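Work through these exercises with the model open beside you. Try each task before you read its solution.

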Amino acid sequence: MSATVSPADIGSYWLASCNDDLTPRPAVSGDDTVDVAIMGGGFSSLWTAYFLLQDNPDLSIAIVERQFCGFGASGRNGGWCSPRFPINPAALTRRFGAATARAMLVAQQTMIDEVGRICDQEGIDSQFNRVGVLTLARSAEQIPSVRHSYDAYCKLGMADACELLDAGQAQAAVHATDVHGALRLHAGATIHPGRLVRGLARALERRGVRIYERSEVLQMVESPAPALVTAGGTIRARRAILLAGEAYLTAQPGYRRRLIPMASTIMLTAPLTAAQWDSVGWRGGECLSSYVHTTNYLTRTADGRILFGSRGAPYRYGSDMDEAALRENANFDWIRERLIEWWPSLNGIEFTHRWAGYLGIPRDWLPTVHFDPERRLGHSYGYTGHGVITSAICARAMAGLVTGRAPDPHAPYIRAQAPNWEVEPLRWAGIRYVQNAYLRMDVAEAAQKSPPLDANLAKYLGEP
């Protein structure tokens, strides 16, 4: 049995302020039989159950979660409802054609509105706020990336979805240092993901879904009698067993190389004063980031804090997902320095929360949704940090596959499985190399120096 972790152990502001009773639900105790059994208690699982019940309200569904609903990335993310698909528009077009690329981006935008509507309908106070996305160029070297992104949208006939900002316009939007321009996406929202994940679980319980927590799946039994076996009992399924564990799927036999668990680290400030917000700007409260190689993402919370997320603990050999390694992550100091680099006026500001978590990265960065009706086994995974919205899109597709609806022809993520990552130690060596190279590239760029000699090799290895 995996070690028990409490919400307080994680340190996530989203869980601490979700306005829900975090006392774990009862574990599996005895055997049970339902129509559909789902492993996992995050967005992917909950959205799947939600969309299954939309068209089939009489289905009996059980959700089996190893810790508690919201334990994984669903309770530890940056609070974005992002219009971005895990693969960028140019790469989407190159790999799947313009029609599919456009369809995927429109699906992301549409689902943002759907999530807002569902929150209203279910009475989930998720602090949903349509603010768009603003990505800054914080060096002259990042300007071509801004233009490349804008051009990719234009080539798809989506110029109305975004706009280019010059240095003056971008600086007016966000008073950060070294702002040279920006790309604004009009779609996008911020959200309180803790309230959303816990609210979805409550909404499902009102519809009769059985949610078991503190129940690790020890074995999956396939057709002719599909079941999830736990220490406390067995949950049998008449129609389907669905696996929705995201990065934690790597602990299951047969899934160890489908994903790698990649860590991301977040710190949260105390609420800013009015004078501090004047110095920061950012009145629009957009989902904020910059064109760096080591990802950053910033959120203005509803109570006036700044969330700053960036690189996490280095990849651990064998896809190890040790929780202690996250809490001991040295990158918290890195984030503190980056925030002050953006806004020197905030030097000395208090940070009230810090946490880290694992997200699932497929080898080709493309999510996977699959259901085998003969085996009555399905899985959904691989959102690369875009799970608030992309998991909902994939969940709706999964619900359709289970109930026999024809799949969307412009859904490249509907496939049997993602390509496997390399075996160890090649996987560890390659990932650690790319992580190190990206950091060296960003350090060189910030110092206005030439990129490392191996920059192109690192980009080739690190891009989908």
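**Exercise 1. Find which residues of the largest nonpolar core touch the most other members, and which helix gives the most to this core.**

Step 1. The largest nonpolar core has 80 residues. Those touching the most other members are Trp47, Phe51, Ile61, Leu196, Leu242 and Tyr413. A nonpolar core is a set of buried Ala, Val, Leu, Ile, Met, Phe, Trp, Tyr and Cys residues joined through side-chain atoms within 4.5 Å. Buried means under 20% relative accessible area, exposed over 50%, and partly exposed in between (1.4 Å probe, protein chains only).

Step 2. Helix α12 (residues 387-403) gives the most to this core: 11 residues. Helices (H or I, at least four residues) and strands (E, at least two) are DSSP runs, numbered from the N terminus.

Step 3. A second, separate core holds 28 residues, including Leu136, Val174, Ala176 and Leu346. In soluble globular proteins, nonpolar side chains tend to be buried together.

Before going on, note the ground rules. This is a predicted model, with residues numbered from 1 along each chain as its sequence is written. Local features need pLDDT of at least 70, side-chain atom pairs count only at pLDDT 80 or more, totals for chains, interfaces and linings use all residues, and side-chain values use heavy atoms, with hydrogens and water left out.

**Exercise 2. List the contacts of Leu242, leaving aside neighbours within four places in sequence.**

Step 1. Apply the cut-off: contact means heavy atoms within 4.5 Å.

Step 2. Read off the partners of Leu242: Val36, Ala37, Ile38, Met39, Thr48, Leu52, Phe371, Gly378, Met398 and Val402.

**Exercise 3. Describe how α5 and α12 pack.**

Step 1. Helix α5 (residues 98-122) packs on α12 at about 95°, with the axes 9 Å apart. Axes are lines fitted to C-alpha atoms, for helices over the stretch in contact, and angles run from 0 to 180 degrees between N-to-C directions.

Step 2. The two helices are therefore roughly perpendicular to each other. Angles under 35 degrees count as roughly parallel, over 145 as roughly antiparallel, 65 to 115 as roughly perpendicular and the rest as oblique.

Step 3. From α5 come Ala107, Gln108, Met111, Ile112, Glu114 and Val115. They meet Ile389, Thr390, Ala392, Ile393 and Arg396 in α12.

**Exercise 4. Is Thr368 buried or exposed, and which side chain does its own side chain contact?**

Step 1. Thr368 is in strand β18 (residues 368-372).

Step 2. Its relative accessibility is 0%, so Thr368 counts as buried.

Step 3. Its side chain makes a polar contact with the side chain of Arg415 (3.0 Å). A polar contact is a pair of N or O atoms within 3.5 Å; within protein, one must be able to donate a hydrogen and the other to accept it, and residues adjacent in sequence count only if both atoms are side-chain atoms.

**Exercise 5. Do the same for Arg198: buried or exposed?**

Step 1. Arg198 sits in helix α8 (residues 193-206).

Step 2. At 2% relative accessibility, Arg198 is buried.

Step 3. The side chain of Asp20 makes a polar contact with the side chain of Arg198 (2.7 Å).

**Exercise 6. Where does Trp282 lie, and what is its phi?**

Step 1. Trp282 lies in the loop between α9 (274-280) and β14 (287-290).

Step 2. Phi of Trp282 is near 55°, a positive value in a residue other than glycine.

Step 3. Trp282 is buried, at 0% relative accessible area.
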